[in-house]
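Me: I have a structure open on my screen and would like to go through it with you, one question at a time. Shall we start with a single side chain and work outwards?

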Amino acid sequence: MTTSPKFAPPKPSILASAVVCALGFMPFAHAEDTPNPSGDDQIERISVTYQASLAKAASMKKEDTKVTDVITSEDIGKFPTENIAEAIQRIPGVQISNINGRGSTISVRGLGAQYAKTTVNGQTLASADFTSGFRYDIIQSELASSIEVIKSPTADMDTGGLSGTVNIDTTNPLSYNERKILTSIKGQYSEYSPTDDVTPKGNITYIDQFNDNTLGVFLNAGYQKLDDRVDNVWMDRWFTDDDGDYFPRRPRFRRIDRETNRYLGNGAIQWRPFDHFETKLTAIYAKDKTDQDLNQQVFLFDRDEIELHGTPTDGVYTQETIRDFTLENNRQLEKKDATSEAFTWDAKYDTDYWTFSGVAHYTKGKATHSEEAAILATVIPEATLDISNRNINFALSEDLTDPSLYPMDMPRNEYPNGQTQYMSADETAFQADAARMFDEGFLRSVKFGVKYRKEQFERSVYRTDRASIGEAADEDLPPMTDYNFMVRDFLDGEMNIPGAWIAPDIQAYRDALAAEGAVVPTFFAAQSSYSVTRDILAMYAEANFDTFIGDMPFRGNLGMRYETTDRDIDTYLTGDVNPQNEEIREVIGTYTTSYDYHNFLPSMNLVLEMTDEVLARLAAAKVLVRPILTSNTQIAASESSSANSFGTRTYDINLGQPEMKAMTANQVDFGLEWYYGNGNSLTMTLFWKEIMNGTVTDYICPSEYNGTELTGTGAECYDADGNIFEISSTYNTSNSIDLKGYEIGWNQSLDAWLPIAGFGINANFTYIDADESEDFVLTNSSERTWNVIAYWENDTFSARVAMNHRSPYTQDSSDSFFAREGRVVDGREQVDVILGYSPTENIDIRFGAINVTGKNEEAYFADTMKVWQTTSAIGRSYYMNLMYSF
């Protein structure tokens, strides 16, 4: 193994000169004809080690003109982590968010999942569920040969990444000069597995070249099964008194047992018949099938039956006695099927001075989410609640495992209750580019192109509710004394709360419905369904230069992108309530709302090489993200309703945002990077964004809605019959918000410092300072994040310990189901371990432990009210992976 030389810091005078030059003094000197390699094919393939993959990533970052960070695989199928999201969070400025305990979505520089654009080989991969941002957990790590997080765009890149663009590159078969076949098998165990099973994963990869290495084939297929659970306890709602102090209103317990099957198919055919022409066809298929058994206990407190104790802490009463309240027992079986697929054809033709390229691309994501619920209700005479510390105390006068809590004449006994939601997103794109190269002068190339994209998003909702045919007779329903399901070891006894409860047996309810001979119809919920179509036409021009300032190489690009967006929203006009189902409104027509806008998006990326080891970057751009589709900002209006346990109905209404504008930002990056030794580097980047047209969601209570008079506040809105109205209004704010911060990255081999070779450190730190705004709040933004990976390896053995930390961050209801009325996820560290053993060149064995300290996810109410709000028990997981190549 190569030993890193000892080093000395760069001279301060050089650093100072670089800052001055990069910020404005740019006298061009005549450029020399020096090579400027770029792309994977020009980077030397290095030995198959983790340290080598870090060195390769550093080399790619150094050669790139953009502000970017890269993660590369150690070899085919050997990505540094088992989860792509967990790999990306090792990059400075990237933060990971859990969805039900799994690392699923990311934030880049303090902006949530919907503000980052994800591409595969530079093209969109449609997300199956377009309302929650790109879900990295459904993509197996074998898809990626490298991942690049681009924080300063160039004019030729697709827009949509307000915070950045994450590009996943797949394997190019002609990058290899021999046949490769790789197989791997893996077993994984989750500490909170509902079955205690070890679940399998398998993958096979084939790469080959034909016709004198002019034709390459890459095929990959994988399967993975996961079996795990997550336990959550949280305060879903709060009351306020006349003094504005809060007190608990609705605590909830939730257990989710999950079984997931994932399928991955990925292939490419690459043809290079002669040096000046190349074409490639790529196909990707990823499917995630998840079955969830969701059990909930929802405690519905009555304001008039609460006795408060003590005085408020940070504006919140933390102790109370509650009497005669409703307990809602909800068991819900869910099926979630999500599929993403993409097909891309690209071609490139070179002459001595011109390069012509074209792309035809199609991608589609589909998701189906069905719910089948039995909802029971009973009355609890008394309980005491104390949330003054995170080990909350909740003592009830009744035993939740006692089936006698649910007599045959209970207040609510309903099955089935549920909906099925179909979502799809697709994009068809055509792109043509041309570049003119120059041999002399500082201008190296001029590039220009055009791209057309058609995006379509559609949601259709169907309801299946027992209420549509009338309530069942008590004698036709299964008694809880004979038919039940026991939930045990909730939170593994970590709190002073009930650790078990009795739940309804869904199969018994199915059998009872069949015995009754009842057929429950399914209705199309038009008021909750909509489609959005966007036609996007983009044109750009970009100039790339390479020259000198004094004796320092100076390179970069300047570009302008112009985009027009035409948006159509198709919704249903609805009228009276369906006489059979109060949750459904009758369709009386359709309605289309059109809106169009255009944007000029300049960009600049400059790199000054002050020495062979030290360089400075300056980048500036205007970026945008089109109105993002979440549970709050879905653009189209929608309405849904359901019966509640108070004998009335709850209406969930989104007023829609047909003229929602694109969110834009002006941004500047300035960085200094020092590359020394064999793959060692120390980098720092300062960044600033001015974000405009941010979105704000408020819950409101208008004086009337659709002719119904309403009273109350946004948190408590009722009609004269006691029906509950939850009405959300989302709009663009006129205020801008500044976001600024810095990132530090350090990659260091310790070979020169220790007597034993193979040790090293890979670390980063990010600080983000976001201005406060009265209405627009940046969610999922941690002020501080850091990652440290310590590793050791030789030809046979390897070991890595990774620790990551993110400080507290705010979420709203579009980010998390637990954030209806306030949620700040507390700071958390996670430690992961990977051990490797390679007895031969063809065999690689890995053992991994994830979240080895068993750290839970905790949340408190608000920044100014740091009382307990959520505890999520995630648990540890372990895996063993055997890989064989031949």
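Me: Where does Arg466 lie in the chain?
Reply: Keep in mind that this is a predicted model. Strand β18 covers residues 443–465 and β19 covers 485–487. Arg466 is found in the loop between β18 and β19.

Me: Is Arg466 buried or exposed?
Reply: The relative accessible area of Arg466 is 7%. The cut-off for buried is under 20%. Arg466 therefore counts as buried.

Me: Which backbone oxygen does the side chain of Arg466 reach?
Reply: Arg466 has plenty of company, touching Glu414, Tyr415, Glu471 and Glu516 among others. Those contacts leave out residues up to four places away in sequence. The backbone oxygen that its side chain reaches, at 2.8 Å, is that of Gly470.

Me: How are the rings of Tyr50 and Tyr791 arranged?
Reply: The structure holds 36 aromatic pairs, so there is a lot to choose from. For Tyr50 and Tyr791, the centres are 5.2 Å apart and the planes meet at 80 degrees. Planes over 60 degrees apart fall in one class, so this pair is edge-to-face.

Me: How many residues apart are Tyr50 and Tyr791?
Reply: Tyr50 belongs to helix α2, residues 50–63. Tyr791 belongs to strand β38, residues 784–793. The pair links distant parts of the chain, and the separation is 741 residues.

Me: Are Tyr50 and Tyr791 buried or exposed?
Reply: Tyr50 has 4% relative accessibility, and Tyr791 has 3%. Buried means under 20%. Tyr50 therefore counts as buried, and Tyr791 also counts as buried.

Me: Which charged end sits over the ring of Tyr50?
Reply: A charge over a ring turns up at Tyr192, where the charged end of Arg229 is 4.5 Å from the ring centre. Over the ring of Tyr50, the distance to the centre is 4.1 Å. The charged end there belongs to Arg800.

Me: How many residues apart in sequence are Trp234 and Phe817?
Reply: These two form an edge-to-face aromatic pair, 6.0 Å centre to centre with 70 degrees between the planes. Trp234 lies in strand β10, while Phe817 lies in the loop between β40 and β41. The pair therefore ties together parts of the chain whose separation in sequence is 583 residues.

Me: Is Phe817 buried, exposed or partly exposed?
Reply: Its partner Trp234 is buried, with a relative accessible area of 0%. Phe817 has a relative accessible area of 47%. Partly exposed is the range between 20% and 50%, so Phe817 is partly exposed.

Me: How far apart in space are Val233 and Phe490?
Reply: Val233 lies in strand β10 and is buried at 1% relative accessibility. Its contacts include Phe253 and Phe490, and both of these belong to an aromatic cluster. Val233 and Phe490 are 257 residues apart in sequence, yet from C-alpha to C-alpha the distance is 9.4 Å.

Me: Which strands stand at the edges of the open five-stranded sheet?
Reply: The strand order is β1-β6-β7-β4-β5, with mixed pairing. An edge strand here has a single partner, so one side is left without a neighbour in the sheet. The strands at the edges are β1 and β5.

Me: Over which residues does pLDDT stay under 50?
Reply: The chain averages a pLDDT of 88, and 91% of the residues score at least 70. One stretch stays under 50, though the model has 84 contacts for it beyond four places in sequence. That stretch is residues 1–47.

Definitions and conventions
Residues numbered from 1 in each chain as written. Heavy atoms only, no water. Phe/Tyr/Trp six-rings, centres within 6.5 Å; stacked < 30°, edge-to-face > 60°. Helix = DSSP H or I, 4+ residues; strand = E, 2+ residues; numbered from the N terminus. Buried < 20%, exposed > 50% of the residue type's maximum accessible area, 1.4 Å probe, protein only. Lys NZ or Arg CZ within 6 Å of the ring centre and 35° of its normal. Pairing = 2+ DSSP bridges. Polar contact = N/O pair within 3.5 Å; in protein donor to acceptor, adjacent residues only side chain to side chain. Contact = heavy atoms within 4.5 Å. pLDDT = per-residue confidence, 0-100.
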